[in-house]
Amino acid sequence: MEQREIMQRVVGILTEALEMRRQARENPDGEIDNSGAVGAMLEEMLPPIEIPADATPIEVAAVVGQELGPVIEQITSAFALSFAQLAEVHDEGRTDVTSADVLRSIALHFENEEREGDE
């Protein structure tokens, strides 16, 4: 999965989290809808790992780190970038822009990047 696709998925997850938060505020005792977007993204992105039956714990850790490290770094970077952009707007004291607006802007940026890459 390319970085732009990861960013779009992360923005979707964060947008869903905002909606879940809204639902919880409006109906504190109610059930909150969860699409399972995080699990779906992880299922798609995490590679299968083969561990030799005779592997030591240190060897298992090395294989897992080697296989999952790059994917976890990509996902973490996407969440960190989104957080930084949200925090920047907050720290500037902007009241004319909502969190949803910032997330929409991030999604559009990466959607436009995808279109430009196709040309």
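**Figure 1. The whole chain, from end to end.** Starting at the N terminus, the elements of the chain follow the order α-α-α-α. This is a predicted model, and its secondary structure amounts to 4 helices and 0 strands. Along the principal axes, the C-alpha trace covers about 60 × 50 × 25 Å. How does the radius of gyration of the chain stand against that of a compact globule of 119 residues? The chain has 18 Å, while such a globule would come in near 14 Å.

**Figure 2. Surface and contacts of the chain.** Here is the overall picture before we zoom in. The chain has an accessible surface of about 8,500 Å², and carbon and sulfur atoms hold 53% of that area. Among the 119 residues, 17% count as buried. If you look at contacts with a separation of 6 or more, 65% of them join residues 24 or more positions apart.

**Figure 3. A nonpolar patch on the surface.** Which residues make the nonpolar surface patch of about 290 Å²? They are Val38, Leu42, Leu46 and Ile72. Two of these patch members, Val38 and Leu42, have their place in helix α2, and that helix takes in residues 37-45. The next view takes up this pair.

**Figure 4. Val38 and Leu42 in helix α2.** Is Val38 buried or partly exposed? Val38 counts as partly exposed because its relative accessibility is 41%, and the partly exposed class lies between 20% and 50%. Leu42 has a relative accessibility of 33%, so Leu42 counts as partly exposed too. Val38 also offers a handy distance to check in your viewer: from C-alpha to C-alpha, Val38 and Val10 are 8.4 Å apart in space, although 28 residues separate them in sequence.

**Figure 5. Gln23 and the residues it touches.** For the last close-up, turn to helix α1, which runs over residues 3-26 and includes Gln23. Why does Gln23 count as buried? Its relative accessible area is 17%, and buried means under 20%. Leaving aside residues up to four places away in sequence, Gln23 touches Glu31, Ile32 and Asp33. Set beside the patch view, this one gives you a buried side of the story: Gln23 is buried at 17%, whereas Val38 is partly exposed at 41% and Leu42 is partly exposed at 33%.

Key: Residues are numbered from 1 along each chain as its sequence is written. This is a predicted model: local features need pLDDT of at least 70, side-chain atom pairs count only at pLDDT 80 or more; totals for chains, interfaces and linings use all residues. Side-chain values use heavy atoms; hydrogens and water are left out. Patches are made of residues with over 30% relative accessible area and no salt bridge: like charges are joined within 9 Å, nonpolar side chains (Val, Leu, Ile, Met, Phe, Trp, Tyr) within 5 Å. Accessible areas come from the Shrake-Rupley method with a 1.4 Å probe; for residues, only the protein chains shown count as cover. A salt bridge is a side-chain nitrogen of Lys or Arg within 4 Å of a carboxyl oxygen of Asp or Glu. Helices (H or I, at least four residues) and strands (E, at least two) are DSSP runs, numbered from the N terminus. Buried means under 20% relative accessible area, exposed over 50%, partly exposed in between (1.4 Å probe, protein chains only). Contact means heavy atoms within 4.5 Å. The radius of gyration is taken over C-alpha atoms; the globule rule is 2.2 Å times the number of residues to the power 0.38.
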